[in-house]
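Biologist: Before accepting the descriptive terms attached to a model, I should like to hear the grounds for each of them. May we go through them in turn?

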Amino acid sequence: MPTTTGSIPLRKFGRADAQISALGFGGHHIGDAPDAKTAVEILHEAVDGGITFFDNCWEYRRGKTEIWMGAGLKGRRDKVFLMTKTCPHGRDASLALQMLEESLRRLQTDHLDLWQVHGMGFDNDPDLFIRKNGAAEALEKAKKDGKVRFVGFTGHKSPEVHLGMLNTGFPFDAVQMPLNPFDATFVHSFERQVLPELNKRGIAVLGMKPLCGHGGAIKKGAITVEESLRYAMSLPVTTTITGIDSVEVLHQNLQLAQNFSPMSEAEMKELRERCRQDAADGRFEPYKLSLKFDNPEARLAHGFPLDTRQSEVKDMLGSEMNTGHPFPEKEF
Amino acid sequence: MSSDWNRRRFIQSAAILGAAPLVARGSMAQNEKQRSQEVPSGMIPKKPFGKTGVQISAMGLGGYHLGSAETDKAANEIVAKALDHGVTFFDNAWEYHDGLSEERMGRALRGRRDQAFVMTKVCTHGRDKKVAMRMLEESLRRLQTDHLDLWQVHEVVYQSDPDLIFAPDGAAEALLAAKQQGKVRFVGFTGHKHPEIHLRMLSHDFPFDAVQMPLNCCDATFRSFEQQVMPEANRRGMAVLGMKSLGGSGEMVRSGIITAEQGLRYAMSLPVATTISGIDTMEVLDQNLKVAVNFQPLEEAAMQSLRDHCRVLAADGRLEMFKTSTKYDGKVGREQHHFPTTQEMPL
């Protein structure tokens with residue numbers, strides 16, 4: 001049996017005077033737990049097991065995941081490093097700040113350890129972020145007001161867009177991106193194109209999608225969970241965020257993280273080579289090549305069609321919690 | 001947050017579920033439709049097909065949409081009228097509508113094959129030369145001809161495609177063999193995804209006679225084939241075949257940002273050999289003929305003004321979903337690359 005109490009290696013959060021667990025708790029999947037009670041139990045056990053980094057996002061499951069995480073971390077807030085994301089997707093700073101207030105309320109806290117701009121993936125996102133009244137101003141203000149300790153951005157689409165965000169010159173504390181053995185050799189690779197740049201700048205690197213999002217490569221038998229997760233955690237990153245939707249998955253991850261020993265460079269190289277052929281057309285990285293992983297807020301703001309089978313869209317149809325107007329608002 | 005705020009957003013979001021394009025509909029497109037569809041007398045001008053000495057019509061008839069036409073008879077009538085107005089370039093692909101597009105074109109061109117420059121595409125999607133040659137024989141049979149004027153590698157849109165096509169015994173060898181056997185006069189490749197994939201294909205210095213790519217007034221400023229690939233193809237003397245002049249299936253017109261006439265005129269005014277346009281009804285044909293018959297290119301200033309007009313909406317690729325989603329990636333390519341089906345992952 002895996003241990004449910006224990007410790008996970010801690011790593012330094014970029015240049016900052018803070019440390020976080022080498023494995024992070026992904027917020028999206030907790031929304032797949034059968035009910036709030038189960039979600040709270042999973043979260044309690046995760047904290048007891050040594051996870052300190054908790055990921056979430058304003059637009060996940062139309063608020064459900066933040067509400068459940070808020071309930072699960074009640075009384076444990078000071079033991080964790082709490083992150084959530086804001087979802088203006090190119091729209092105004094004021095919208096981003098409205099979302100912050102809502103996230104704080106749902107998460108039952110007065111501050112975030114890290115607040116990130118979610119889902120930078122469209123080619124014009126860097127321009128829209130840094131423009132006057134863009135989300136950059138919201139990050140600055142929230143930090144100045146003491147509502148967030150650190151700021152960053154996330155995205156799963158394109159290393160070029162990440163580099164565009166870095167080129168805005170904004171002082172990010174953290175950057176989140178997909179890191180896995182398939183990304184490593186694909187022509188558009190966060191590992192090769194963005195990771196070294198972040199390390200050079202002393203920005204905390206948050207890896208995500210260690211199992212390629214929905215685990216397509218694992219289902220097809222190209223790689224095991226352990227290989228994939230160990231690979232991602234062995235990169236020069238601060239943490240690797242992985243989705244946890246059940247006690248079983250939590251146990252699997254805790255066991256791996258509590259007993260983590262990094263792969264040797266030779267092992268990593270061997271795994272990259274094994275994955276190279278399948279990586280070449282991006283078949284296991286649909287988040288880079290399709291809209292499948294782009295949430296409705298992103299699509300609405302950028303004028304792309306919604307997908308009625310996405311969980312957020314299903315939730316949206318039964319909810320009054322909707323925001324967002326397209327950019328630009330000008331009519332043609 | 002006030003409940004008004006929430007309600008307003010919800011209504012907006014809900015409305016979008018029913019109507020894909022987000023931008024407001026302009027009135028230009030509707031006005032155009034109401035105007036007379038009378039086609040002027042005259043012919044579509046011809047343009048040089050690269051450095052080959054051959055000439056083709058400045059507008060080409062897209063084969064995919066011929067398979068979408070309501071009946072075989074409608075397809076026959078579209079092809080006949082197109083020929084009568086000087087369309088000589090006919091596009092197709094082995095995989096369009098599981099062969100129906102080629103069959104219809106073959107029937108419609110019967111007796112007029114010598115008036116047409118017939119192109120079709122081979123759909124190996126990474127498979128070997130033998131598969132390509134089998135597809136060629138099938139295409140020839142369906143098109144009821146003993147040779148193609150142009151045979152192209154279809155839908156080079158996956159990042160690994162150039163390597164697979166130029167691998168030993170790959171599709172590139174099939175192009176050479178078919179040319180040598182006299183079954184095809186010219187060869188080329190097509191793709192709608194990313195200029196960098198096209199450039200990687202060109203980097204092999206293979207003797208392509210033609211290259212097909214999306215060219216439209218949004219492409220001009222977004223992951224731009226116009227800026228990155230067209231000049232290189234022109235420099236090499238290849239025939240440039242433009243496609244997706246309105247966004248693939250009229251997205252740009254539906255969004256209200258441009259009219260069909262503006263979109264087609266823009267694409268045809270570029271330094272291309274032809275602009276391939278999908279035509280599935282007589283109404284669309286007439287609309288296109290009105291632009292293409294006696295075609296006069298736009299001045300550079302007018303083109304720049306269209307580019308600038310489209311720039312903001314072009315910038316995230318919402319109107320060029322063949323670049324930014326999997327919407328236009330075909331069934332056979334998805335199968336060969338182990339991607340989810342269109343039903344599983346439409347976008």
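The exchange below takes up a number of these terms one at a time.

Modeller: Please bear in mind throughout that this is a predicted model.

Biologist: What makes chain A as compact as a globular protein of its length?

Modeller: The secondary structure of chain A comes to 15 helices and 10 strands. Its radius of gyration is 18 Å, and the globule rule gives 20 Å for 332 residues; the two values are close, so chain A is as compact as a globular protein of that length. Along the principal axes, the C-alpha atoms of chain A fill a box of roughly 55 × 45 × 40 Å.

Biologist: Why is strand β5 of chain A called largely enclosed?

Modeller: A residue is buried if 20 or more other C-beta atoms lie within 10 Å of its own. Six of the six residues of β5(A), residues 81-86, are buried, so the strand is largely enclosed by the rest of the structure. In a regular strand, side chains alternate between the two faces of the sheet. In β5(A) both faces are covered: A:Phe81, A:Met83 and A:Lys85 are buried on one side, and A:Leu82, A:Thr84 and A:Thr86 on the other.

Biologist: How do you know that β5(A) is paired with β4(A) and with β6(A)?

Modeller: Pairing requires at least two bridges. Strand β4(A), residues 53-54, is joined to β5(A) by two bridges, and these strands run parallel. A:Phe53 has A:Phe81 as its bridge partner in β5(A). The chain passes from β4(A) to β5(A) through helix α2(A), residues 64-73, in a right-handed β-α-β crossover. Four bridges join β5(A) to β6(A), residues 112-117, again in a parallel arrangement. The partner of A:Thr84 in β6(A) is A:Trp115. Helix α3(A), residues 93-107, carries the chain from β5(A) to β6(A), and this β-α-β crossover is also right-handed.

Biologist: What makes the strands of chain B a barrel?

Modeller: Eight strands of chain B close into a barrel in the order β3-β4-β5-β6-β7-β8-β9-β10, with parallel pairing. One of the pairs is β7(B), residues 184-190, with β8(B), residues 210-214, joined by three bridges. Within this pair, B:Gly188 stands opposite B:Ala210.

Biologist: Which residues have the most contacts inside the largest nonpolar core?

Modeller: They are B:Val122, B:Trp151 and B:Val240, in a core of 96 residues. Beyond its neighbours within four places in sequence, B:Val240 has contacts that include B:Val211, B:Met230 and B:Val272. Another core, of 89 residues, lies apart from the largest one, and A:Met69, A:Met83, A:Leu97 and A:Ala142 are among its members.

Key
Residues numbered from 1 in each chain as written. Chains lettered and ligands numbered in written order. Predicted model: local features only at pLDDT ≥ 70, side-chain atom pairs only at ≥ 80, totals over all residues. Buried ≥ 20, exposed ≤ 12 C-beta atoms within 10 Å, placed from the backbone. Right-handed = clockwise from strand over helix to strand, strands pointing away. Core = buried A, V, L, I, M, F, W, Y, C linked by C-beta atoms within 7 Å. Contact = placed C-beta atoms within 7 Å. Rg over C-alpha atoms; globule rule 2.2 N^0.38 Å.
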